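Thanks for coming. I will talk through one structure, starting with the ligand and what surrounds it. Please have a look at it first.

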Amino acid sequence: MKKNDIVEVEITDCGINGEGIGKLLGFPLFIKDALIGDTIQARITKVKKNYAFARLEKIITPAKERITPPCPVAAPCGGCQIQALSYPAQLTFKEKKVKDVLMRLGKVPVDLLEQVMEPVIGMDEPYRYRNKAQYPFGTDKEGNLIAGFYAGRTHHLVTTDDCLIGAEENKDVLDVILRHARRHHITAYDEETRTGLLRHVLIRKGTHTGEIMVCPVINGKTYPKADSLIEELKKLPGMTCIALSINTQNTNVIMGEEIQTLWGTPYITDKIGDLEFRLSPLSFFQVNSQQTEKLYQKALDYAGLTGNETIWDIYCGIGTITCFLARKAKQVYGIEVIPEAIEDAKENAKLNNIDVIQFYVGKAEDELPKHKEDKKTDIIVVDPPRKGLDEKVLETIIYMEPKKIVYVSCDPATLARDINYLREHGYELKHLTPVDMFPHTVHVETIVSLQR
Ligand code: SAH
C-alpha cells in the first residue's frame, strides 16, 4: 500500500475522534467522515508502520444509519464528528464504546458488566442543548470581520452564525457584535501578528431561566464604543450580564483572567432540578443542563442516601453535585482546585439554604490525604477531568474505606483504568450508566457506583 492508492473498504469501527476505521488485509485505515457501516472508496494519504490514513473519495454503499446532517457545516466544522449518524445509532455506538473499553482496559468480566450496565440515557431532542458557546473571530479574504468555529484541530475558521447544538439566541448576539464592530472598524485578533482586538465571544444561556450572558474576549484593555454595543445587546430578550474578558497573552487559552462587568449582574443564574446556581464568566458548568439533571439524579440514586451520611465530593467545581447530595446527607465536604469556583460554590450553597457543606480549595491529591484519618466517610463522589484519578487520590480513597464510591467520568478509558484499580483493592462494580451529555460528538459521560 502506498500514497495515492485508491482502495475500497468497509468501515467497521470508529476512532476516538469520530473518524471511520476500516481494515484492508488486517491493516487499519483511518478515514475522516466515513461512518461505521459505510462501504467507501478512499485515497491513501499517509502510510505508517502499522496503520494508514486515507481520504474519503466516494461512498459506494452508505451505512443504513447514515443521514444528511441538518447542519450545513457539519463536516468542515468538525465539532459534531458523528452528526451524519442517526441519533439512535449514535447512542448504540456510545454504549458499545463504554462496554468495550471497560472490558479491554478495565478488565471487567463481560457477565458482570451485563449485570450492572443500564441503557444509555439519551436526549429526546438532541439539538440546541449547549448552554455555552465560544465563537472565535477572524478575517475573510476580503478583509471582513467574521465569526465561526475552528475546523477540526486547526485554526482555520469555518464561518457559521448558527450552531445547531447551541442556543438560538447566539445568532442574534453575534449579529449585533459583528454589525457594531464593522461599523466602528473593530478588527479580529490575528494570532500570527498578535494585532487586532476581538478574539472570542463567550455566550451563555440559562436553560431554565433564559438569562443570557455575553462576554467578548479582547486583546486590549477597553472595548471601543462599548456604550453603543451595550445599548444594542440589552435590547435582546433575556440579556442579564454583559462582561468583558481581557486576554492580551499569546496563548490558546480562550478566556483572560481579568473580567469586567459592563452592564447588568456579574453572573447569570440557572437551575438544575429545583436548585439554583450562579455562573460567572469563568465558572465551569456542565454544558448540557437537561442531561446534567438526569446525571445528578443517577448520582443521588447510586448514593442511596438516608440522611445520616458523611460524604466527600472531590472535583466539585461550583458545588453542583455537592448541593444535590447535601440536601439528603448529614455532612458533605467538597474539594476543588480553582479558588473562584469555590467562591461560587459557597455562594451557591447559601443561595439554596444549605449549611452542611464545607469546601476546601486545593488539588485533590494534596487535599484529600490531609483528611484521610476521617474514617467516618460513608461515600466518596468523584468527578475528575479527562485524565481521571491521580494515584494519590486512589490510594487515599482505599485507605479511607468508604462503603460506596460514585464515579462520574467524561473519559471511559481513564474510568476503566481506575475501575480496574478499585476492583483490585476491595471494591466491586454495582451500577453503571452511560449518559449522552454531548449528542453528535464522540464524547460520552459515564456514571458508576462501586461498593466495598
Ligand atoms: N462536579 C462538577 C465539576 C466537574 S469538572 C460539576 O459537575 O459541575 C472537574 C472539576 O475538577 C473542574 O472544576 C476542575 O477545576 C477540577 N479539577 C481539575 N483538576 C483538579 C485537581 N487536581 N484537584 C481538584 N480539582 C481539580
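The shell around the ligand is made up of nine nonpolar, four polar and four charged residues. Here Ala, Val, Leu, Ile, Met, Phe, Trp, Tyr, Cys and Pro count as nonpolar, Asp, Glu, Lys and Arg as charged, and the others, Gly among them, as polar.

Before going on, this is a predicted model, in which local features need pLDDT of at least 70, side-chain atom pairs count only at pLDDT 80 or more, and totals for chains, interfaces and linings use all residues. Residues are numbered from 1 along each chain as its sequence is written, and side-chain values use heavy atoms, with hydrogens and water left out.

Which residues come nearest to the ligand? Of the 17 around the ligand, they are Tyr296, Tyr315, Glu336, Ala364 and Asp383. A residue belongs around the ligand if one of its heavy atoms lies within 4 Å of it.

Helix H7 (320–326) and helix H9 (364–367) each give at least two residues to this shell. Helices are DSSP runs of H or I, at least four residues, and strands are runs of E, at least two, numbered from the N terminus.

Now the polar contacts, meaning pairs of N or O atoms within 3.5 Å. The side chain of threonine 320 has an N or O atom 3.1 Å from an oxygen atom of the ligand. For valine 337, a backbone N or O atom is 3.3 Å from a ligand nitrogen atom. In aspartate 383, a side-chain N or O atom lies 2.9 Å from a nitrogen atom of the ligand.

Technical notes: A polar contact is a pair of N or O atoms within 3.5 Å; within protein, one must be able to donate a hydrogen and the other to accept it, and residues adjacent in sequence count only if both atoms are side-chain atoms.
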